[in-house]
Amino acid sequence: MNESMCRVQRGSFVYYTCRRIPVRHAFTTKFGGVSTGACESLNLGFNRGDELENVRENYRLLGEALGVDETRMTLTKQIHDTQVSVVTEDKVGMGLHRPMEWQSDAIVTALADTPIIGFYADCVVTLLYDPATHTAGVCHSGWRGMAAGILPKTVDVMAEQLGTKRESLIAVLGPSIRQECFETDADVPEAMEELLGAQVHPFIMEKGPKFHVDLQGIGVKLLQDAGLSAENVIDSGICTMCHSDEFWSHRVTHGVRGVQGGMICL
Ligand SMILES: [Zn+2]
C-alpha cells in the first residue's frame, strides 16, 4: 500500500483515503452497509441483484459516514468507453435520484457539495483533485478504457471545460487488480499495444502462454504524459484480488458480488 493511503474504520464502516487529497473522498470496501448474501454489506450497485431499498440505504450510510449530502450524489454509468461528462447543476443526482442520461465512465465537476462516484471490483477508479482551481473528477477504467485513453481524456476535459491546472492536479489510482493477479490471454496486451503503441511494453509481462498487464503502471504513465507531475500521481498499491477479504474482486467472485465506490466531493 502506498504510504499516503489510510484505512479508516468508523464502527462497521471501512474505507480508504489518501492524505494527498484534502477534500472529502473515499474508496469504499465491502463493509458498513445493510445488504445481505453476495452483496453483504455495502453494495453500491443497482445492477447486482440486490434489494433496491438496501442499496439506497447504503448510499445514505455512505453520506452519513463521509459527511456529504446524499441527495446530491451523482454517479458514473460504466460501459468501458471514453465518454467524460461535466456535472453541472442540472445533472446533479443523476443515477441515484434521477434517471441516468449519460453513458460516461468519467464525470468531473467544479460544483461544491456534489459527491461524484465511480465503481470498481477489480477495475481502476481514479479520483482527481486540483487544489488550484478546486475542481474534481472520478474516472473508471478497466483495461479497455485504459487502452482507449480515458484517463488522459478526463484530464483534458477538466482542463478545457473547468480550467483545471495540469501542473497542480492530483490523481489517486484506487484499489484494483494488480499485475501479479491480472492474468490475461494475448487479447489484452494486443489491444493495449494497438491503441497505445510500444510505450506499453515495459508494463506487460509474459508468463508461459499467459500475460500480466500492469494497468496502474500504464495509468500513471498516461497521467504524467498528460501533464501531471510525478509526485502528484499516486498509485494506491492495493490489490482487490489479494485483499478479497475486504474488497469484492470480480475475478475472485466470478461476478457474483456487490460493487465498491470511489467518491470525491468538493
Ligand atoms: Zn493481487
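This report walks through a sheet, a zinc site, two nonpolar cores and one serine in a predicted model.

## The sheet and the helix across it

Let's start with the sheet. It is open and built from 6 strands, in the order β1-β2-β3-β15-β7-β4, with mixed pairing. The edges belong to β1 (5–10) and β4 (74–75); each has a single partner strand, so one side of each is left without a neighbour in the sheet.

At the β4 edge, the pairing with β7 (residues 116–120) is parallel and runs over 2 bridges. Here threonine 74 sits opposite isoleucine 116 of β7. As for helices, α1 (residues 52–66) lies across β1, β2 (13–18), β3 (24–28), β4, β7 and β15 (260–265). Its angle to β2 is about 55°.

## The zinc site

Which residues hold the zinc ion? Cys181, Cys239 and Cys242 coordinate the ion through their SG atoms, at 2.1 to 2.3 Å. Along the sequence, these donors follow the spacing C-x57-C-x2-C.

How exposed are the cysteines at the end of that pattern? Cysteine 239 has a relative accessibility of 3%, which is under the 20% cut-off, so cysteine 239 counts as buried. Cysteine 242, with a relative accessible area of 45%, is partly exposed.

## Two nonpolar cores

In soluble globular proteins, nonpolar side chains tend to be buried together. In this model, the largest nonpolar core has 38 residues, and the members touching the most others are Met146, Met192, Leu215, Ile218 and Leu223. Strands giving two or more residues to this core include β5 (84–86), β6 (106–109), β8 (124–130) and β10 (170–173). Helices on that list include α2 (143–148), α3 (150–162), α4 (187–196) and α5 (215–225). The largest share, 6 residues, comes from α3.

Take leucine 215 as a sample member: leaving aside residues up to four places away in sequence, leucine 215 touches Val124, Trp143, Met146, Phe182 and Met192. There's also a second, separate core of 25 residues, and Cys18, Ile21, Tyr129 and Ala136 are among them.

## Serine 4, just ahead of the sheet

Serine 4 is found in the segment before β1. Is serine 4 buried or exposed? At 10% relative accessibility, serine 4 counts as buried.

What does serine 4 touch? Not counting residues up to four places away in sequence, the contacts are Thr17, Cys18, Arg19, Arg20 and Ile234. One of these, Cys18, is also a member of the second core. The side chain of serine 4 also makes a polar contact, at 2.7 Å, with the side chain of asparagine 2.

Terms used:
Residues are numbered from 1 along each chain as its sequence is written. This is a predicted model: local features need pLDDT of at least 70, side-chain atom pairs count only at pLDDT 80 or more; totals for chains, interfaces and linings use all residues. Side-chain values use heavy atoms; hydrogens and water are left out. Two strands pair if DSSP finds at least two bridges between them. Helices (H or I, at least four residues) and strands (E, at least two) are DSSP runs, numbered from the N terminus. Contact means heavy atoms within 4.5 Å. Axes are lines fitted to C-alpha atoms, for helices over the stretch in contact, and angles run from 0 to 180 degrees between N-to-C directions. Donors are N, O and S atoms within 2.8 Å of the metal (3.2 Å for Na, K and Ca); water is not among the atoms, so sites may look incomplete. Buried means under 20% relative accessible area, exposed over 50%, partly exposed in between (1.4 Å probe, protein chains only). A nonpolar core is a set of buried Ala, Val, Leu, Ile, Met, Phe, Trp, Tyr and Cys residues joined through side-chain atoms within 4.5 Å. A polar contact is a pair of N or O atoms within 3.5 Å; within protein, one must be able to donate a hydrogen and the other to accept it, and residues adjacent in sequence count only if both atoms are side-chain atoms.
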